[in-house]
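Visitor: I have a model on the screen and a few questions about its strands and some of its side chains. Could you take me through them?

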Amino acid sequence: MAEASYPEDLLYHAEHDWARIDADDPTLATLGITWYAQDALGEVVFYEPPEVGKEVKKDEAYAEVESVKAVSDVYAPLSGEVTETNDALSENPEKINQDPYGDGWMVKVKLSDPSETDSLMDAAAYKKLLEDSD
């Protein structure tokens, strides 16, 4: 399992998902689940990605992860079209636990409304959300 961390370069969603906006093209984002989410799930044993080309909507489920504890939906922190899925997770879903912000990324999306990023939290606000929910 990865160490608890919440990188400063990411934006966070209240459903424990993150978005990394591409520095060279702010209409592109990589999405995944946070350390908190993977820790709450426990050992991830299966990941079902969306199809490339699928439109995902902010705050709606776009994928499913199964752990030894439960099956959970993964919510989109931003809206857009899936341009790439992390196919390595099909063979090695444990990468979500081992490296949720690196090799455990889930999808890449072409954003339909980049201004939606304004509704997401920075790392400090997300950590405060976690503290307040304890």
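The questions below go from strands to single residues.

Guide: Before we start, note that this is a predicted model. Ask away.

Visitor: In the open sheet of three strands, what is the strand order?

Guide: The pairing in this sheet is antiparallel. β4 (44-48) and β7 (71-75) stand at the edges. Each has a single partner strand, so one side of each is left without a neighbour in the sheet. The order is therefore β4-β6-β7.

Visitor: By how many degrees are neighbouring strands of this sheet turned against each other on average?

Guide: Direction is ignored for this value. The average turn between neighbouring strands is 30 degrees.

Visitor: Which residue in β7 is the bridge partner of V65?

Guide: Strand β6 covers residues 61-67 and runs antiparallel to β7. Five bridges join the two strands. V65 has its bridge partner in β7, and that partner is S72.

Visitor: What stands opposite H13 in β2?

Guide: Strand β1 (residues 11-13) runs antiparallel to strand β2 (residues 17-21). Three bridges join them. Opposite H13 stands D17.

Visitor: Which residue in the hairpin of β1 and β2 takes a positive phi?

Guide: This hairpin has three residues between the strands. The phi in question is near 70 degrees. The residue is H16.

Visitor: Which residue in β3 stands opposite A19?

Guide: β2 and strand β3 (residues 28-33) run antiparallel, joined by five bridges. They form a hairpin with six residues between them. In β3, the residue opposite A19 is L31.

Visitor: Is T117 buried or exposed?

Guide: T117 sits in the loop between β9 (107-111) and α4 (123-133). Its relative accessibility is 17%. Buried means under 20%, so T117 counts as buried.

Visitor: Which residues is T117 in contact with, leaving aside neighbours within four places in sequence?

Guide: Contact here means heavy atoms within 4.5 Å. With those sequence neighbours left aside, T117 is in contact with L11, I21 and L78.

Visitor: Is N97 buried or exposed?

Guide: N97 lies in helix α3 (residues 95-98). Its relative accessible area is 4%. The cut-off for buried is under 20%, so N97 is buried.

Visitor: Which residue's backbone oxygen lies 3.0 Å from a polar atom of the N97 side chain?

Guide: A polar contact needs a pair of N or O atoms within 3.5 Å. Here a polar atom of the side chain of N97 lies 3.0 Å from a backbone oxygen. That oxygen belongs to G42.

Definitions and conventions: Residues are numbered from 1 along each chain as its sequence is written. This is a predicted model: local features need pLDDT of at least 70, side-chain atom pairs count only at pLDDT 80 or more; totals for chains, interfaces and linings use all residues. Side-chain values use heavy atoms; hydrogens and water are left out. Two strands pair if DSSP finds at least two bridges between them. Helices (H or I, at least four residues) and strands (E, at least two) are DSSP runs, numbered from the N terminus. Axes are lines fitted to C-alpha atoms, for helices over the stretch in contact, and angles run from 0 to 180 degrees between N-to-C directions. Buried means under 20% relative accessible area, exposed over 50%, partly exposed in between (1.4 Å probe, protein chains only). A polar contact is a pair of N or O atoms within 3.5 Å; within protein, one must be able to donate a hydrogen and the other to accept it, and residues adjacent in sequence count only if both atoms are side-chain atoms.
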